[in-house]
Amino acid sequence: MNRILVTGAGGQIGSWLVPRLRELYGEANVLATDVRHLGPDFTEAGPFQVLDATQPKAVGQAVMRHDADTVYHLAAILSAIGEKDPRLAWHVNMVSLEAVLEVARDQGCAVFTPSSIGVFGPDTPKNPTPQDTVMRPTTMYGITKVAGELLCDYYHTRFGVDTRGVRFPGLISYGAPPGGGTTDWAVEIFYEAVAEGSYTCFLEADAQLDMMYMPDAVDALVAIMEADASKLVHRNAFNVTGMQLTPEGLAAEIRKHMPDFQIDYDVDPVRQAIAESWPDRIDDTAAREEWGWDPSYDASAMTADMLKHIEAPA
Ligand code: NAD
Ligand code: AKB
């Protein structure tokens, strides 16, 4: 893997992944693309192109011109925005994935596609949630993620495309803001803590979800694409988690650094219902066994690092 194209590069994950890939594989080898124009961090540090990932011809031309052998396909609509506009979520998530997979089949590329804990639904065992279990999500986002996992497996078994993926939990990071998900509260809380000393949360105090700090997520993205293919049993997609958080639990962590921090609640029924349909704790044994997944950050280390970077941005 040394010629890479990233779709949706300007989002929460891409803004961390692109610099890491450029560091690992060389600036000129990583083409960042997004449907919108991005700032100098992307356009000056390496190649950048505006690319709508739902346009198969444009995706094919970009992959060919860059001579890409690997696509990290990050362009998507997340859960909360997906419930506001389900047809948009279906269109962006499914049409873009099908376009990327067809181009990969035609041009011999490997493809990474992130799935999500959103593939699970109210009938799934919640704690722990096994790798292989019931997947009957109640959101359009989750439906596109289950269909996406199956489509990626299909392109692997039917056409030999090297497709790989992980089911990310809520990702916590500083820098680019999250793009409209149910787990966004776990990022917003840090910015509001530093700016206001308080946060009004849209989920209930005890709504527990899996989460992960972005440095671990980027490690996972690189590790799974570098993994020995002969060891991968699951491919699309592996359960991975870093920690389990509730709003009241994370508030308590923040109070260790900011004793006066206050949290209150103004619950959004749509996002609360989504959170209730997702696992409390997923079992990531398969990822640990098949490609050595081993996250570094727990809630305490993540909280200290988030506050350090938000209080004193580089
Ligand atoms: P994000 O919303 O922050 O970024 C998505 C990017 O895609 C944006 O920059 C947007 O401009 C771009 N985009 C939208 N439509 C596009 C199109 N038609 N063509 C090209 N680009 C387009 O999302 P993210 O958090 O970076 O998520 C990336 C992937 O990871 C998604 O598949 C998401 O489902 C998955 N994921 C994210 C999380 C998380 O907590 N961030 C958790 C689980 C899975
Ligand atoms: C969302 O909340 O939609 C995402 C996810 C867990 O997939 N952060």
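Reader: Where in the chain is N236 found in this predicted model?

Author: N236 is found in the loop between helix 8 and strand 12, the latter spanning 238-239.

Reader: Is N236 buried or exposed?

Author: Residues count as buried under 20% relative accessible area. N236 has a relative accessible area of 7%, so this residue is buried.

Reader: Which residues is N236 in contact with, leaving aside its neighbours within four places in sequence?

Author: The residues in contact with N236 are E149, C152, D153, T163, R164 and G165. With D153, the side chain of N236 forms a polar contact of 3.1 Å. As for G165, its backbone nitrogen lies 3.4 Å from a polar atom of the N236 side chain.

Reader: What should one expect of nonpolar side chains in soluble globular proteins?

Author: They tend to be buried together. In this model, the largest nonpolar core has 38 residues, and those with the most contacts inside it are V6, L21, Y72, F168 and W291.

Reader: Which element supplies the largest share of this core?

Author: Helix 8 does, with eight residues. Elements that each supply at least two residues include strand 1 (4-7), helix 1 (14-25), strand 8 (166-168) and helix 11 (285-291).

Reader: Which residues is V6 in contact with, beyond its neighbours within four places in sequence?

Author: V6 is in contact with V18, L21, V30, L31, A32, T33, Y72 and L74.

Reader: How many residues are in the second, separate core?

Author: That core has 37 residues, among them V187, L250, I282 and A299.

Technical notes
Residues numbered from 1 in each chain as written. Chains lettered and ligands numbered in written order. Predicted model: local features only at pLDDT ≥ 70, side-chain atom pairs only at ≥ 80, totals over all residues. Heavy atoms only, no water. Core = buried A, V, L, I, M, F, W, Y, C linked by side-chain atoms within 4.5 Å. Buried < 20%, exposed > 50% of the residue type's maximum accessible area, 1.4 Å probe, protein only. Helix = DSSP H or I, 4+ residues; strand = E, 2+ residues; numbered from the N terminus. Contact = heavy atoms within 4.5 Å. Polar contact = N/O pair within 3.5 Å; in protein donor to acceptor, adjacent residues only side chain to side chain.
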